[in-house]
Amino acid sequence: MRMNLLDLIARQPAPEPWIEGEKIPWNEPAFSERMLREHLSQAHDLASRRSERIERHVEWIDRVLLGGNASAILDLGCGPGLYALRLNRRGHTVTGIDFSPASIAYARQQAAEAGAACEFVEADIRRAKVGVDRFDLAMLIFGEFNVFHPDDARAILRRVHEALTHDGVIVLEVHTLDAVRRTGEAATSWYGSNGGLFSPKPHLLLTENFWLPERQIAIERYFVIDAESGEVTRHAAAMQAYSEEQLRTLLSETGFAEVTIHPSLYGVDDVGQADFYVIVGKKDGRRTVDDGRQTTDVDDDGADNERLRKDVIQQALLFDGIPRAG
Ligand SMILES: C[S@@+](CC[C@H](N)C(=O)[O-])C[C@H]1O[C@@H](n2cnc3c(N)ncnc32)[C@H](O)[C@@H]1O
């Protein structure tokens with residue numbers, strides 16, 4: 001949302017999660033180009049993990065979750081296809097869905113050059129057609145699950161359940177409850193940049209966070225102030241925290257069984273990624289999924305409200321090379 005400085009001063013003191021603000025522009029072409037650079041960066045693990053870590057994740061998914069059997073995989077929020085291409089090299093066919101145009105273009109180009117059996121779809125994963133009984137494994141990693149409104153998260157699980165084969169596996173890598181709370185409780189901060197992730201022009205980025213303890217939701221607000229014009233662009237984002245028990249219940253209610261928790265996508269502790277853990281469930285073919293809110297398969301124009309991860313802010317700071325002020 002576009003504002004001016006007076007609007008910024010008069011802003012609502014306590015925002016409602018998922019209501020306020022425009023989307024974080026994952027799917028805005030210029031933003032997605034800038035973000036793509038960060039996905040591919042080997043200097044940090046903030047937009048995507050660095051190659052070495054991804055290799056280990058892929059090895060665990062292939063060996064432990066799929067038993068090395070050639071499988072059909074659905075990668076939701078696939079970014080630039082860094083997992084998909086590696087999984088394909090291990091004999092799997094992969095469909096990746098993401099609403100970042102630059103990421104999907106990059107993934108398609110890489111797949112074409114490698115002659116890889118991967119399909120990349122530019123779409124919102126809440127609405128993309130994922131079909132029925134198609135995939136042996138579906139993954140949604142790097143904490144993106146927490147970002148969705150709980151109704152959308154539940155709807156995604158139901159759609160994945162439908163899209164999986166009768167004993168297909170879902171893999172969610174989520175933020176720990178503590179990590180979400182820390183995000184919500186983070187202090188207000190700002191930095192100045194000559195051009196970076198949020199804007200190619202000189203700007204200030206003001207960030208304020210909120211934690212709603214009863215609802216276990218963190219809210220983040222970003223105000224990008226153009227240094228020349230003073231124009232303000234607001235982004236807002238929210239993140240739902242889940243306890244392990246809540247996630248187990250959610251998976252059970254959406255038709256998954258044999259739910260297991262893993263400390264990381266390595267299968268063991270990964271000290272560098274302690275804010276995340278992994279929950280795996282198996283489609284329970286005997287069960288009918290809950291009858292919560294239904295979603296409709298529609299063609300997607302890629303537009304939607306979304307948040308930008310705290311990590312990306314950190315990455316913006318790293319990338320812009322401007323010290324953070326308190
Ligand atoms: C943190 S990145 C992780 C990318 C990739 N999974 C990886 O680990 O390299 C999250 C990705 O989810 C995508 N994303 C977020 N919300 C989405 C939505 N509603 N529909 C499609 N893609 C979405 C973003 O564009 C971004 O590429």
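Select alanine 257 together with lysine 282, its bridge partner in strand E12, bearing in mind that the model on screen is a predicted one. Strands E11 and E12, displayed in full, pair in the antiparallel sense over five bridges.

Now extend the selection to the whole sheet, an open one in which seven strands follow the order E4-E3-E2-E5-E6-E12-E11 with mixed pairing. At its edges stand E4 and E11, each of which pairs on one side only, and from one strand to the next the twist averages 15°. Helix H5 packs on this sheet, where it touches strand E3 (93-98) and E4, and the direction of H5 makes about 160° with that of E4.

Before leaving strand E11, pick out glutamate 258, which lies within it. Its phi is near 50°, a positive value in a residue other than glycine. Is glutamate 258 buried or exposed? With 12 C-beta neighbours inside 10 Å, glutamate 258 counts as exposed.

Helix H5 (residues 101-114) is the next stop, and within it alanine 102. Alanine 102 is buried, having 24 other C-beta atoms within 10 Å. If its neighbours within four places in sequence are left aside, the residues in contact with alanine 102 are Pro29, Ser32, Glu33, Met35 and Leu36. To follow one of these pairs, draw the C-alpha to C-alpha distance from alanine 102 to methionine 35, which is 8.3 Å for two residues that are 67 apart in sequence.

Two further residues are found in loops. Alanine 128 belongs to the loop between strand E4 (118-122) and strand E5 (135-140), and this alanine is buried, with 22 other C-beta atoms within 10 Å. Isoleucine 97 and alanine 128 are separated by 31 residues in sequence, while their C-alpha atoms are 7.8 Å apart in space. Moving past E5, select phenylalanine 142 in the loop between that strand and helix H6 (144-147). Although phenylalanine 142 is not a glycine, it has a positive phi of about 65°, and with 23 other C-beta atoms within 10 Å it is buried.

Turn next to helix H9 (residues 244-253), in which the buried residues are Leu247, Leu250 and Leu251. How do they sit around the helix? Looking down the axis of H9, one finds these buried residues within an arc of 95°, so they line one face of the helix. Their cover includes helix H7 (150-163), strand E6 (164-175), strand E11 (256-262) and strand E12 (276-283). After H9 comes glycine 255, with a positive phi near 95°.

The second sheet can now be selected: five strands form an open sheet in the order E1-E10-E9-E8-E7, with antiparallel pairing. Strand E1 (2-3) and strand E7 (189-193) stand at its edges with a single partner strand each, so one side of each is left without a neighbour in the sheet. Helix H8 (residues 177-185) packs on this sheet and touches strand E8 (203-212), strand E9 (217-226) and E10, its direction making about 125° with that of E8.

Within this sheet, E1 and strand E10 (residues 232-240) pair in the antiparallel sense over two bridges. Methionine 3 has valine 232 of E10 as its bridge partner, and arginine 2 stands opposite threonine 233 in E10. Keep threonine 233 selected and look to strand E9, because valine 224 also stands opposite threonine 233. In total nine bridges join E9 to E10, and the two strands run antiparallel. They form a hairpin with five residues between them, and glycine 230 in the turn has a positive phi of about 80°. Of the nine residues of E10, seven are buried, so this strand is largely enclosed by the rest of the structure.

Finish at the ligand by displaying the 21 residues around it, of which Ser48, Gly77, Gly79, Phe99 and Ser100 come nearest. Which classes make up this shell around the ligand? The shell consists of nine nonpolar, five polar and seven charged residues.

Methods: Residues numbered from 1 in each chain as written. Predicted model: local features only at pLDDT ≥ 70, side-chain atom pairs only at ≥ 80, totals over all residues. Near = placed C-beta within 6 Å. Nonpolar A, V, L, I, M, F, W, Y, C, P; charged D, E, K, R; others polar. Pairing = 2+ DSSP bridges. Helix = DSSP H or I, 4+ residues; strand = E, 2+ residues; numbered from the N terminus. Contact = placed C-beta atoms within 7 Å. Axes fitted to C-alpha atoms, helices over the stretch in contact; angles between N-to-C directions. Buried ≥ 20, exposed ≤ 12 C-beta atoms within 10 Å, placed from the backbone. Arc of directions from axis to C-beta.
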